Amino acid sequence: MTLVDDTLREALAASASASAPAPAEPTHAQRALLARSVLRRAELSARRAPGSTGEEKLLPVPDELADLLPFGGLQRGTAVVVDGSTSLLLALLSEASRTGAWTAMVGFPRLGVLAAAEAGIDLARVALVPSPGPDAAAAVAALLDGIDVVVVGPQAALTDADRRRLTSRARERGNLLVAAQPWAGAHVVLTVREGTWSGTDHGAGYLRRRRLTVQRSGRAGASRGIERQVELPLRGGVVKNPQQVEKTPPDLRLVG
């Protein structure tokens, strides 16, 4: 996993002269440059892996979630909103990640690494930009130039004009934009209306699973609203040996 935030200051400090103090906050241009450097790292690491070339129009999703999407998968070049559940968002992206797609998450400062791994996300193909500050639009735009899936979290400060430009950029680049915040003009909107927990003694003991009521709306093929019940974690998406995740954490590199 590549963590893009604090190390930007280290890189800037290293490149500055010893007599000149490092800037308190990176500039707009510096953040955009770092976002592009993360993109280059992803492209080199992917080595043209299947799913990273843009040749396939649909990114796969777990079978349990296919009915939520108009074409049974995540369509490249579109914007998708997942409102009300980070767990559902991670589960939705798990199959694409497992099959080789790179994912960047911008504006998710509290995203749990273990939770992402348990959902099936390949941490080796994830770039995190937890706190993009005022340059969220520039960071997302740079990442959309080559990252398969760019997720925009609730802490990414964007204007409506930013969202329109980023939707157009995703369409032009053929990559997927997923938002965990309101996004006008999104092609698919998945909204969690309610959820119930289950576990030992009808949920009075350990809470193991959660059943969500998910409503779909959107444009074109998603304009016909539907409602589905989804149970998380997905049966096929649970990490078989969670202790392995804890014992062998990913190599976190701060590059932004």
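## An exposed corner: alanine 220 and serine 223

Let's start on the outside. Alanine 220 has a relative accessible area of 68%, so it counts as exposed, the cut-off for that being over 50%. This is a predicted model, and in it alanine 220 sits in the loop that runs between strand 10 (207–218) and strand 11. The backbone here is worth a look: alanine 220 isn't a glycine, yet its phi is positive, at about 50°.

Serine 223 belongs to the loop between strand 10 and strand 11 as well. With 53% relative accessibility, serine 223 is exposed too. Its side chain comes back to the backbone oxygen of alanine 220, at 2.7 Å. As for what lies across from this loop, the C-alpha atom of serine 223 is 9.7 Å from that of valine 189, a residue 34 positions away along the chain.

## The overall build

Stepping back, the protein contains 8 helices and 12 strands. Of its 256 residues, 48% are buried. Take the contacts between residues at least 6 apart in sequence, and 68% of them link residues at least 24 apart.

## Two nonpolar cores

Nonpolar side chains tend to be buried together in soluble globular proteins. Here the largest nonpolar core has 41 residues, and Leu74, Leu88 and Leu93 are the ones with the most contacts inside it. Helix 3 (residues 86–98) supplies the largest share of this core, with 7 residues. Apart from that core there is another, made of 24 residues, including Val106, Ala141, Ile147 and Ala186.

What does leucine 88 touch once its neighbours within four places in sequence are left aside? The list is Leu65, Val82, Val192, Leu212, Val214, Val230 and Leu232. The last of those, Leu232, also has a backbone feature of its own: a cis peptide bond connects leucine 232 to proline 233, with omega at about -5°. Proline 233 itself is in the loop between strand 11 (226–232) and helix 8 (242–247).

## Helix 5, and its partner helix 6

Helix 5 is largely enclosed by the rest of the structure, because 8 of its 9 residues are buried. Those buried residues are Ala136, Ala138, Ala139, Val140, Ala141, Ala142, Leu143 and Leu144. Alanine 142 makes a good example: it is part of helix 5, and its relative accessible area of 1% makes it buried. The C-alpha atom of alanine 142 is 9.7 Å from that of arginine 169, and the two residues are 27 apart along the chain.

A packed pair of helices is described by the angle between the axes and the distance between them. How do helix 5 and helix 6 pack, and at what angle? Helix 5 (residues 136–144) and helix 6 (residues 160–173) meet at an angle of about 10°, and their axes are 9 Å apart. The two helices are therefore roughly parallel, since that label covers angles under 35 degrees. On the helix 5 side, the contact is made by Ala137, Val140, Ala141 and Leu144, and on the helix 6 side by Asp162, Leu166, Arg169, Ala170 and Arg173. Sorted by class, that gives 6 nonpolar residues, 3 charged ones and no polar ones.

## Two more loop residues

Arginine 76 is in the loop between strand 3 (74–75) and strand 4 (79–83). Is arginine 76 buried or exposed? Its relative accessibility is 3%, so it is buried, given a cut-off of under 20%. The side chain of arginine 76 makes a polar contact of 3.3 Å with the side chain of asparagine 175.

Proline 60 is another loop residue, placed between strand 2 (58–59) and strand 3. A relative accessible area of 31% makes proline 60 partly exposed. Leaving aside neighbours within four places in sequence, proline 60 has Glu95, Ala96 and Thr99 as its contacts. Arginine 98 lies 38 residues away from proline 60 along the chain, and their C-alpha atoms are separated by 9.5 Å.

Methods
Residues are numbered from 1 along each chain as its sequence is written. This is a predicted model: local features need pLDDT of at least 70, side-chain atom pairs count only at pLDDT 80 or more; totals for chains, interfaces and linings use all residues. Side-chain values use heavy atoms; hydrogens and water are left out. Helices (H or I, at least four residues) and strands (E, at least two) are DSSP runs, numbered from the N terminus. Buried means under 20% relative accessible area, exposed over 50%, partly exposed in between (1.4 Å probe, protein chains only). A polar contact is a pair of N or O atoms within 3.5 Å; within protein, one must be able to donate a hydrogen and the other to accept it, and residues adjacent in sequence count only if both atoms are side-chain atoms. Axes are lines fitted to C-alpha atoms, for helices over the stretch in contact, and angles run from 0 to 180 degrees between N-to-C directions. Angles under 35 degrees count as roughly parallel, over 145 as roughly antiparallel, 65 to 115 as roughly perpendicular and the rest as oblique. Contact means heavy atoms within 4.5 Å. Ala, Val, Leu, Ile, Met, Phe, Trp, Tyr, Cys and Pro count as nonpolar, Asp, Glu, Lys and Arg as charged, and the others, Gly among them, as polar. A nonpolar core is a set of buried Ala, Val, Leu, Ile, Met, Phe, Trp, Tyr and Cys residues joined through side-chain atoms within 4.5 Å.
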